[in-house]
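Reader: I would like to learn how to read the features of a protein model, one at a time. Could you take me through them, giving the general idea before the particular case?

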Amino acid sequence: QVHLVESGGGLVQAGGSLRLSCAASGGTFSSYAMGWFRQASGKEREFVATISGSGGSTDVADSVKGRFTISRDNAKNTGYLQISSLKPEDTAIYYCAAGGFGTIPAAYRYWGQGTQVTVSS
């Protein structure tokens, strides 16, 4: 069983930045890929980024490419999502996920509780 806890969300002005963290426990952290998804109010959960267990392979959604960066520190059992040049349309609850890979939420077995990111204009 893998337990995930996100942190780092908050209220930020457009153009600002945040670093989201996802602390993992259970299992061998470096053995599983991680993903970040987001869900805006009234919309479906959408893919943001994913990273392999070693950190050597990443994929980022076109909508955030160049602004968002995914990384991980296996020594700290923590994944990160650096979000920059934020826009009001980036407002959403951001979730980290593990036990899967790719862009489809259903492919992931474990989920955190989410962290709210609100971008003001």
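Reader: Let me begin with one residue: does F37 count as buried or exposed, and at what relative accessibility?

Author: Buried means under 20% relative accessible area, exposed means over 50%, and partly exposed lies in between, with a 1.4 Å probe and protein chains only. F37 counts as buried because its relative accessibility is 0%, whereas W111, at 26%, counts as partly exposed. Please keep in mind that this is a predicted model, in which local features need pLDDT of at least 70 and side-chain atom pairs count only at pLDDT 80 or more, while totals for chains, interfaces and linings use all residues. Residues are numbered from 1 along each chain as its sequence is written, and side-chain values use heavy atoms, with hydrogens and water left out.

Reader: What secondary structure does the chain have, and how many strands are there?

Author: Helices (H or I, at least four residues) and strands (E, at least two) are DSSP runs, numbered from the N terminus. The chain comes to 0 helices and 11 strands. Its radius of gyration, taken over C-alpha atoms, is 13 Å, close to the 14 Å that the globule rule (2.2 Å times the number of residues to the power 0.38) gives for 121 residues, so the chain is as compact as a globular protein of that length.

Reader: How should I read a pair of aromatic rings, and how many aromatic pairs does the structure hold?

Author: A pair of aromatic rings is described by the distance of the centres and the angle of the planes. Rings of Phe, Tyr and Trp (its six-membered ring) pair if their centres lie within 6.5 Å, and planes under 30 degrees apart count as stacked, over 60 as edge-to-face and the rest as tilted. The structure holds 7 such pairs, one of them formed by F37 and W111, which is tilted, at 5.2 Å centre to centre and 55 degrees between the planes. This pair links distant parts of the chain, since F37 is in strand β4 (residues 34-39) and W111 in strand β10 (residues 110-111), 74 residues apart. F37 and W111 also belong to one aromatic cluster together with F47, Y95 and Y108.

Reader: Which charged residue sits over the ring of W111?

Author: A charge sits over a ring if NZ of Lys or CZ of Arg is within 6 Å of the ring centre and within 35 degrees of the ring normal. For W111 the residue is R45, whose charged end is 4.8 Å from the ring centre; likewise, R72 lies over the face of F29, at 4.3 Å from the ring centre.

Reader: Which cysteines are joined by a disulfide, and where in the chain do they lie?

Author: A disulfide is a covalent bond between the sulfur atoms of two cysteines, and here the rule asks for a pair of cysteine sulfur atoms within 2.5 Å. By this rule the count comes to 1 disulfide, which joins C22 to C96 with an S to S distance of 2.0 Å. The torsion about the S-S bond of C22 and C96 is about 55 degrees, so the disulfide is right-handed. The pair links distant parts of the chain, with C22 in strand β3 and C96 in strand β9, 74 residues apart, and both C22 and C96 are buried.

Reader: Which residues touch the most other members of the largest nonpolar core?

Author: A nonpolar core is a set of buried Ala, Val, Leu, Ile, Met, Phe, Trp, Tyr and Cys residues joined through side-chain atoms within 4.5 Å. The largest one has 33 residues, and those touching the most other members are L4, W36, V48, F68, L81, I83 and Y94. The largest share of this core, 5 residues, comes from β9.
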